[in-house]
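Work through the exercises below with the sequence and the model in view. Each task is followed by a solution in steps.

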There are 2 protein chains.
Amino acid sequence: MTKLTSENRMIQLLRKRYPRADLCLKKGIGDDAAVIHPGRSDEYWAITTDMLLEGVDFRLEWTRPFMLGCKSIAVNVSDLAAMGVQPRFFTVSLAVTEGTSERWVLEFYRGLNAPESAKGARLIGGDLSGSGNGILISITALGESKGRKILYRSGGRPGDFVYVTGILGQSAAGLTLLQSGKGRFRSRPRQDALRRHRTPEPRCEAGVWLAQSGLVRCMMDLSDGLSMDLPRMCSASGVGAEIELSNLPVFAKARLWDCDPVQLALHGGEDYELLFAVPEAKSRLLERKYPSRFPKITKIGKLIQNPKQISILEPGGKRRALPERGYDHFRPSNPDV
Amino acid sequence: MTKLTSENRMIQLLRKRYPRADLCLKKGIGDDAAVIHPGRSDEYWAITTDMLLEGVDFRLEWTRPFMLGCKSIAVNVSDLAAMGVQPRFFTVSLAVTEGTSERWVLEFYRGLNAPESAKGARLIGGDLSGSGNGILISITALGESKGRKILYRSGGRPGDFVYVTGILGQSAAGLTLLQSGKGRFRSRPRQDALRRHRTPEPRCEAGVWLAQSGLVRCMMDLSDGLSMDLPRMCSASGVGAEIELSNLPVFAKARLWDCDPVQLALHGGEDYELLFAVPEAKSRLLERKYPSRFPKITKIGKLIQNPKQISILEPGGKRRALPERGYDHFRPSNPDV
């Protein structure tokens with residue numbers, strides 16, 4: 001029996017077995033969300049689902065039910081942002097342990113419905129059950145496209161510039177604080193890092209704008225770290241990529257607690273920023289038009305022809321391969337970042 | 001802090017806090033599925049979600065990955081059948097333990113896609129992760145209405161006749177075999193009971209037909225047992241009910257392994273049959289028109305005025321209250337049926 005050792009491999013196996021064959025289904029297994037075209041409507045709908053498990057994806061001693069609710073909906077809504085669709089609805093399955101209070105459940109639900117996290121997605125139903133081993137959360141979110149303008153992971157071409165929104169590695173910097181027991185010291189950078197880790201804000205406004213702009217070729221969100229997610233976008237687009245290390249929008253303050261900001265930016269997960277590619281000829285127009293009220297965008301590199309090459313250019317000009325050291329549920333030794 | 005002790009109570013609290021306010025949302029928390037009216041389409045869509053946990057909802061030693069896949073999709077699709085909508089799509093979140101094989105996952109997915117269980121619902125995406133404590137499954141299924149004909153739990157009126165499809169208590173009879181370690185004796189009735197428990201068949205064709213017939217006022221599926229589910233339908237409809245014990249379609253063969261068929265029919269869960277109410281004046285027409293290729297329907301009682309009274313009429317004419325002894329995740333002592 002082959003032991004399950006890679007999430008990517010398993011998804012490839014499943015995609016092969018369950019191909020897209022339904023006219024109503026525009027995008028199946030393997031992207032951030034599935035896209036359907038229901039009934040006689042002109043609109044496309046995107047559906048995404050994510051599970052969060054106590055002990056794996058969160059620890060109760062590091063968060064609060066309200067914040068956990070915020071994060072649970074945010075990570076799902078981020079998958080919709082990654083396609084540029086507007087979040088509309090969500091369902092939640094929650095399994096709680098014996099002794100969980102009604103207040104805990106209500107606070108969790110209050111977080112699920114927090115505007116900065118849900119971004120317009122409305123709770124429409126769910127399932128509540130008991131768990132013998134830790135709290136379990138599974139959310140499915142639905143988003144609606146505008147004018148069918150949806151961005152996928154595929155579509156990038158050699159020569160396209162690669163961009164990200166916001167700052168990379170901030171969530172991982174917050175996680176290291178919690179892991180080292182330093183989460184209680186309340187300096188501003190620490191607060192920023194902890195907030196980003198506990199209550200990430202999905203980039204919906206930026207995502208919808210980028211999809212509507214017509215200037216972007218492909219997009220996804222960064223959930224498992226740039227070094228895991230960039231190869232996924234490249235694989236879907238059939239290209240490689242070259243990242244300029246000195247251009248990465250790192251969280252420099254992480255040095256204050258002895259983290260390497262560049263390593264966090266490359267391999268730290270859960271930033272929920274957007275990663276996207278823009279044709280070279282359109283990149284200046286995009287940079288000019290992109291609204292300043294949204295999280296800043298940074299050009300971090302470009303897509304290249306060779307699909308096997310995902311590399312980073314170091315400041316001195318040295319090129320080396322980018323190792324996949326982000327998060328994979330099934331890799332025997334996941335780095336703690 | 002109030003400990004969470006009742007699923008019904010928690011759902012009531014949540015429904016109060018998150019009322020239906022979106023024009024696109026036709027039915028929110030508290031029915032078998034939520035109903036949305038997306039975009040400019042003429043169609044309604046129903047969405048339902050259910051979580052299945054190892055040790056709570058299933059045991060690996062009592063089933064196989066293929067059968068577990070069948071059941072996982074069937075219990076969700078049954079919620080769509082309960083509204084009379086046609087299953088179309090589903091997503092699955094699966095968390096597996098260390099050492100789970102690729103073969104296990106593929107067999108589970110094969111079950112998810114089995115035609116007799118999925119009833120036309122197509123897998124469109126999901127999430128795969130690792131769990132430290134047992135296998136976890138969460139599915140969200142979407143169904144499409146035809147001509148907006150959807151049946152809810154509400155809508156029943158005093159005097160309506162109450163019907164069920166199929167046989168009640170067969171799944172619980174199978175469960176008792178497994179619990180007592182007698183699952184391996186292979187007589188025909190035992191096989192029937194085990195099959196019903198492991199791979200229930202959702203009543204989609206019957207559900208769609210009943211919704212389209214225009215003769216039915218309200219409907220739901222029986223997942224937690226008649227004594228738990230009938231009060232839910234009554235509560236949603238603002239009525240009471242009177243069940244004639246002698247009319248119950250029981251699984252008489254359960255006597256072979258010392259079970260009381262009537263108790264199983266009243267309190268046994270996971271039959272996934274349909275429970276529905278029909279105006280008295282239309283009941284004969286319904287019985288005449290109902291296709292014989294579908295699971296038989298049985299009139300088991302009627303709805304009454306007093307919303308506080310859910311009672312059973314015993315063969316001698318004695319009336320007694322029906323105690324809620326089906327399955328509630330949070331009740332301190334769940335009966336083992």
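Helices here are DSSP runs of type H or I with at least four residues, strands are runs of type E with at least two, and both are numbered from the N terminus. The model is predicted.

**Exercise 1. Place A:Tyr272 and A:Glu270 in chain A, and decide whether each is buried or exposed.**

Step 1. A:Tyr272 belongs to the loop between H9 and S10 of chain A. A:Glu270 also sits in the loop between helix H9 (261–267) and S10 of chain A.

Step 2. Look at the backbone. Phi is near 55° for A:Tyr272, a positive value in a residue other than glycine. For A:Glu270, phi is near 65°, again positive in a residue other than glycine.

Step 3. Apply the cut-off: a residue is buried if 20 or more other C-beta atoms lie within 10 Å of its own. A:Tyr272 has 24 C-beta neighbours inside 10 Å and therefore counts as buried. A:Glu270 has 26 C-beta neighbours inside 10 Å, so A:Glu270 counts as buried.

**Exercise 2. Describe chain A as a whole: how many helices and strands are there, and into which domains is the chain divided?**

Step 1. Chain A holds 10 helices and 13 strands.

Step 2. Of its 337 residues, 55% count as buried.

Step 3. Consider contacts in chain A between residues at least 6 apart in sequence: 81% of them join residues at least 24 apart.

Step 4. The chain is divided into domain 1 (7–144) and domain 2 (161–321). In chain A, the C-alpha centres of domain 1 and domain 2 are 22 Å apart.

Step 5. To the contact between them, domain 1 of chain A contributes 19 residues and domain 2 of chain A contributes 20 residues. On the side of domain 1 of chain A that touches domain 2, the elements giving two or more residues are helix H2 (65–81), strand S4 (86–96) and helix H4 (115–118) of chain A. H2(A) gives the most to this side, with nine residues. By type, the residues of this side of domain 1 of chain A are nine nonpolar, five polar and five charged.

**Exercise 3. Which strands pair with S3(A), and how many of the residues of S3(A) are buried?**

Step 1. Strand S2 (residues 34–36) of chain A pairs with S3(A) in the antiparallel sense over three bridges. In this pairing, A:Ile36 stands opposite A:Trp45 in S3(A).

Step 2. S3(A) also pairs with strand S6 (residues 136–144) of chain A, in the antiparallel sense over nine bridges. Here A:Ala46 stands opposite A:Gly143 in S6(A).

Step 3. In a regular strand the side chains alternate between the two faces of the sheet. In S3(A), A:Trp45, A:Ile47, A:Thr49, A:Met51 and A:Leu53 point one way, while A:Ala46, A:Thr48, A:Asp50 and A:Leu52 point the other way, and all are buried.

Step 4. Nine of the nine residues of strand S3 (residues 45–53) of chain A are buried, so the strand is largely enclosed by the rest of the structure.

**Exercise 4. How do H5(A) and H6(A) pack?**

Step 1. Two packed helices are described by the angle between their axes and the distance between the axes. For helix H5 (residues 170–179) and helix H6 (residues 188–198) of chain A, the angle is about 105° and the axes are 7 Å apart.

Step 2. Angles of 65 to 115 degrees count as roughly perpendicular. H5(A) and H6(A) are therefore roughly perpendicular to each other.

Step 3. Among the residues that meet are A:Leu175 and A:Leu177 in H5(A), and A:Ala193 and A:Leu194 in H6(A). The residues of this contact of H5(A) with H6(A) divide into five nonpolar, four polar and three charged.

**Exercise 5. What is the strand order of the seven-stranded open sheet of chain A, and which strands stand at its edges?**

Step 1. The order is S8-S10-S7-S11-S9-S12-S13 (chain A), and the pairing is mixed.

Step 2. Strand S8 (218–221) and strand S13 (319–321) of chain A stand at the edges, each with a single partner strand, so one side of each has no neighbour in the sheet.

Step 3. From one strand to the next, the twist averages 25°.

Step 4. Strand S12 (residues 310–313) of chain A pairs with S13(A) in the antiparallel sense over three bridges. A:Ser311 stands opposite A:Ala321 in S13(A).

Definitions and conventions
Residues are numbered from 1 along each chain as its sequence is written. Chains are lettered from A and ligands numbered from 1 in the order in which they are written. This is a predicted model: local features need pLDDT of at least 70, side-chain atom pairs count only at pLDDT 80 or more; totals for chains, interfaces and linings use all residues. Domain bounds come from an automatic or database domain assignment. Two residues are in contact if their C-beta atoms, placed from the backbone, lie within 7 Å. Ala, Val, Leu, Ile, Met, Phe, Trp, Tyr, Cys and Pro count as nonpolar, Asp, Glu, Lys and Arg as charged, and the others, Gly among them, as polar. Axes are lines fitted to C-alpha atoms, for helices over the stretch in contact, and angles run from 0 to 180 degrees between N-to-C directions. Angles under 35 degrees count as roughly parallel, over 145 as roughly antiparallel, 65 to 115 as roughly perpendicular and the rest as oblique. Two strands pair if DSSP finds at least two bridges between them. A residue is buried if 20 or more other C-beta atoms lie within 10 Å of its own, exposed if 12 or fewer, and partly exposed in between; C-beta atoms are placed from the backbone.
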